[in-house]
Amino acid sequence: MASSSNYSTAPVSEFLLTCFPNYQNWQHWLSLPLSLLFLLAMGANATLLITIWLETSLHEPIYYLLSLLSLLDVVLCLTVIPKVLDIFWFNNKSISFSACFLQMFIMNSFLTMESCTFVVMAYDRYVAICHPLRYPSIITDQFVARAAIFVVVRNALLTMPIPILSSQLRYCARNIINNCICTNLSVSKLSCDDITFSQLYQFVTGWTLLGSDLILIVLSYSFILKVVLKIKAERAVAKALSTCGSHFILILFFSTVLLVLVITNLARKRIPPDVPIMLNILHHLIPPALNPIVYGVRTKEIKQGIQKLLRRL
């Protein structure tokens, strides 16, 4: 393999992930909390998925959607965190050309799949509160199956060109990525080709998908809030809001970390380069770790299902 300082046209067969270039000595210490968060995310999501699978009372559309969200979280976590820990523990910085672009595809597609799943869950809550009598006929198992197919196909097809465009670029011997993961921006800027179209496509696609999802979520909750404000009975209001509370908290986790990540990337010149890298890692850890816990704590049916599961062990 060519030296990273050699700017010839020698082909690159692998990349080197440097993670935190300014704080290399801190990586062993960072690995401990990241490992604990990773184990928490895997354990909590596995418990939630097994509980929903075994408990027949949870075989309902909203819990199927929650299972889909949990599966997406697990895949995202497994795509990013084991490699980060491999770098921290064993200083194994190399990643193959194909593995790098596969990671890029999964990160981009599954991130937008999560966003789209939140839209479907918001629609579910909208129908449950605004049209409760029609809920059983609208939100069916068939609806969930079609929604899941739409979530996967829409986001996989629209984000697939991102790693394809990046992989078709010429990489002229520079192979050191100043990141812990293969983001499109970190990888493509190593190319000796013009990357304008690749970055433009990711920018337009990302903001179109995430932006439209956010608009639909806001609209759903606007209609929900409008209906709730017309309810005069306090108990009915509390019940209506509690059905949306867990979902709304999950959206806040997802959107807040993502928003902070976007802002730090835009202000990259004003902040240390390690900050966006750390936030990117946390975005693949914090929501997956907290999502099942929030639903487990706030949802009576899931809490009871977990208790039954623990009694069987």
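**Cavities, a pocket and a helix pair**

Hi everyone, let's start inside: the largest cavity is lined by Asp73, Leu76, Leu111, Glu114, Phe254, His283, His284, Pro287 and Pro288. By cavity I mean, on a 1 Å grid over the protein atoms alone, a set of points where a 1.4 Å probe fits but cannot get out, and lining residues have an atom within 4 Å of a point. Before going on, please keep in mind that this is a predicted model, where local features need pLDDT of at least 70, side-chain atom pairs count only at pLDDT 80 or more, and totals for chains, interfaces and linings use all residues. Residues are numbered from 1 along each chain as its sequence is written, and side-chain values use heavy atoms, with hydrogens and water left out.

Back to that cavity. Its volume is about 40 Å³, a volume being the space filled by probe spheres set on the grid points, which are joined across faces, edges and corners. Helix 2 (61–90), helix 3 and helix 11 (286–298) are the elements giving two or more residues to its lining; helices (H or I, at least four residues) and strands (E, at least two) are DSSP runs, numbered from the N terminus. The lining splits into five nonpolar, two polar and two charged residues. For those classes, Ala, Val, Leu, Ile, Met, Phe, Trp, Tyr, Cys and Pro count as nonpolar, Asp, Glu, Lys and Arg as charged, and the others, Gly among them, as polar.

How many cavities of 30 Å³ or more does a search of the whole structure find? Three. The second largest holds about 40 Å³ of space, and its lining is Ile50, Thr51, Leu54, Glu55, Gly305, Leu309 and Arg312. Helix 1 (27–54) and helix 12 (300–312) each supply at least two of those residues.

Now to the open space. A pocket is an open set of points with protein on both sides within 12 Å along at least five of seven lines. The largest pocket has a volume of about 1300 Å³. Of its 43 lining residues, Leu111, Trp207, Leu210, Leu258 and Val262 lie nearest the centre. You've met Leu111 already, in the lining of the largest cavity. Which helix gives the most to this pocket lining? That's helix 8, with twelve residues. By class, the lining has 22 nonpolar, 19 polar and two charged residues.

Next, a helix pair. Helix 3 (residues 97–130) and helix 5 (residues 141–159) pack at about 145°, with axes 8 Å apart. Those axes are lines fitted to C-alpha atoms over the stretch in contact, and angles run from 0 to 180 degrees between N-to-C directions. On the helix 3 side, the contact (heavy atoms within 4.5 Å) includes Phe105, Met113 and Tyr123, and on the helix 5 side it includes Phe143, Phe150 and Arg154. In all, eleven nonpolar, six polar and one charged residues make this contact.

As for the record, an unreviewed UniProt entry annotates "transmembrane region" at residues including 61–81 and 101–123; such annotations may be inferred rather than shown by experiment. In the model, residues 61–81 are 100% helix, with end C-alpha atoms 30 Å apart. Residues 101–123 are also 100% helix, and there the ends are 33 Å apart.

One last stop: Asn91, in the loop between helix 2 and strand 2 (94–96), has a positive phi near 55°. Thanks, everyone!
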